[in-house]
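Here is a colleague's note to read alongside the model. Please keep the 3D view open and find each place as you come to it.

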Amino acid sequence: VSADLGVTALTPPKREDGAGFASHLALLVPTRWGVWTAALQGVFVPFDVMPLGNTVLLRGGFARDVTDDLYVGASLYGGGNFRNHTSAAFALDVGLWYRLGSLGILKNPRLGVAVQNMGITFRRDVPGIENGSSSRFPGPFTTKVGFAALFLDVRDWQGGFSADLCLPTFQNALIDLETQVQYKRFALSLGWGVNVRQEKAGYHALAPSVGLSYRWTARTSGIEFLRGQGWQQSDVTVSSAWKPLFENIQAISGGITVNFGDRDIDAPVITIGEAQ
């Protein structure tokens, strides 16, 4: 069982006052039938140069393994967008995750494919990038493909990378690249995002995001409820991140993730002996 809490602050842009923020609270619960997830998400942006308004979303999902290497899942979300007018969203995401096996020097390579936002998404009457008109967001029926792998796994060091290609309504291309290096319990992450239509229109936002995290084991045997669940100790990860956006807006994030109990990574040992 995992719980996750994150908060992002948005500093005000030039010639505007006030601050924006985003937050989420998520819970993951594994069962014998599969893994259930739930998340409450909010984004509150008062800036005229970033007219996203205020959004509240509730999301629920389910995933399970089909084979040892193939996983499938789906999530359903709904919510509202507020500021000057109200818009509603209700949509479905479906996807799969596949472990590819050995690929040369790459370890644990994985491929993910998803079709997102199948349904009604938000609508805001704001100017678009090129032709002055806006459309729904996030883009309905968006296809996303991702690949991730480890390139370093030596003693206390691990290093990995991921690359995602997103095609919102097949009208744009978003490319996300990330690399992370971990030493023992510390991790450093760098991420880059490229929006092809924004770059073509002259809106450049290629500065990377920078993230730091630290993980430790917390002893929780003194709490009766946690002890009763077999969660005498838990993995806790705290993280922070920063990314410059545009118009002097800075995104500053902090989060905490708690994995309750010990990870079960050892397969059972079965011994077959002679009948007596």
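1. **A term to start with.** Two strands are said to pair if DSSP finds at least two bridges between them. Keep that in mind for the hairpin of β8 and β9, where two residues lie between the strands and R155 takes a positive phi near 50 degrees. Please remember, too, that this is a predicted model.

2. **The overall picture.** The protein has two helices and 14 strands. Of its 276 residues, 25% count as buried. The accessible surface of the protein comes to about 17400 Å², and carbon and sulfur atoms account for 62% of that surface. Among contacts between residues at least 6 apart in sequence, 46% join residues at least 24 apart.

3. **From β1 to β3.** Let us walk along the chain. β1 (2–10) pairs with β2 in the antiparallel sense, over nine bridges. To see this pairing on screen, look for A9, which stands opposite F21 in β2. The next pair, β2 (20–30) and β3 (35–45), also runs antiparallel, with 10 bridges joining the two strands. Here the bridge partner of L28 is T37 in β3. A hairpin of four residues carries the chain from β2 to β3.

4. **From β6 to β8.** Further along, β6 (85–99) and β7 (107–120) form an antiparallel pair with nine bridges. V94 has V115 in β7 as its bridge partner. β7 in turn pairs with β8 (142–154), again in the antiparallel sense, over eight bridges. In that pairing, R110 is matched with A148 in β8.

5. **From β8 to β10.** β8 and β9 are antiparallel partners over 11 bridges. One place to look is F147, which stands opposite A163 in β9. β9 (157–167) is also joined to β10 (174–183) by 10 bridges, and these two strands run antiparallel. Q158 finds its bridge partner in β10, namely Q182.

6. **Residues with a positive phi.** Most residues other than glycine have a negative phi. R15 has a positive phi of about 65 degrees, although R15 is not a glycine. R15 is found in the loop between β1 and β2. Is R15 buried or exposed? R15 is exposed, with a relative accessible area of 74%. F170 is not a glycine either, and F170 has a positive phi of about 55 degrees. The loop between β9 and β10 holds F170, and F170 is exposed at a relative accessible area of 59%. In the hairpin of β9 and β10, which has six residues between the strands, T169 takes a positive phi near 50 degrees.

7. **N172, in the loop after β9.** The loop between β9 and β10 also contains N172. Is N172 buried or exposed? N172 counts as buried, because its relative accessibility is 17% and the cut-off for buried is under 20%. Which residues touch N172, leaving aside its neighbours within four places in sequence? They are C166, L167, N195, V196 and R197. V196 is 24 residues away from N172 along the chain, yet their C-alpha atoms are separated by 6.6 Å.

8. **The second largest pocket.** About 1100 Å³ of space lies in this pocket. It is lined by 44 residues, and the closest to its centre are L28, T37, A63, G73 and W97. You have met two of these names already: L28 and T37 are the bridge partners in β2 and β3.

9. **What the lining is made of.** Which strands supply at least two residues each to the lining of the second largest pocket? They are β2, β3, β4 (53–65), β5 (70–83), β6, β7, β8 and β9. β4 gives the most, with seven residues. Sorted by character, the lining of this pocket has 22 nonpolar, 13 polar and nine charged residues. As a last exercise, colour the lining by these three groups and find where L28, T37, A63, G73 and W97 sit, closest to the centre of the pocket.

How values were computed. Residues numbered from 1 in each chain as written. Predicted model: local features only at pLDDT ≥ 70, side-chain atom pairs only at ≥ 80, totals over all residues. Heavy atoms only, no water. 1 Å grid on protein atoms, 1.4 Å probe; cavity = no way out; pocket = protein on both sides within 12 Å on 5 of 7 lines; lining within 4 Å. Points joined across faces, edges and corners; volume = space filled by probe spheres on them. Nonpolar A, V, L, I, M, F, W, Y, C, P; charged D, E, K, R; others polar. Buried < 20%, exposed > 50% of the residue type's maximum accessible area, 1.4 Å probe, protein only. Contact = heavy atoms within 4.5 Å. Areas by Shrake-Rupley, 256 points an atom, 1.4 Å probe, with all protein chains shown as cover.
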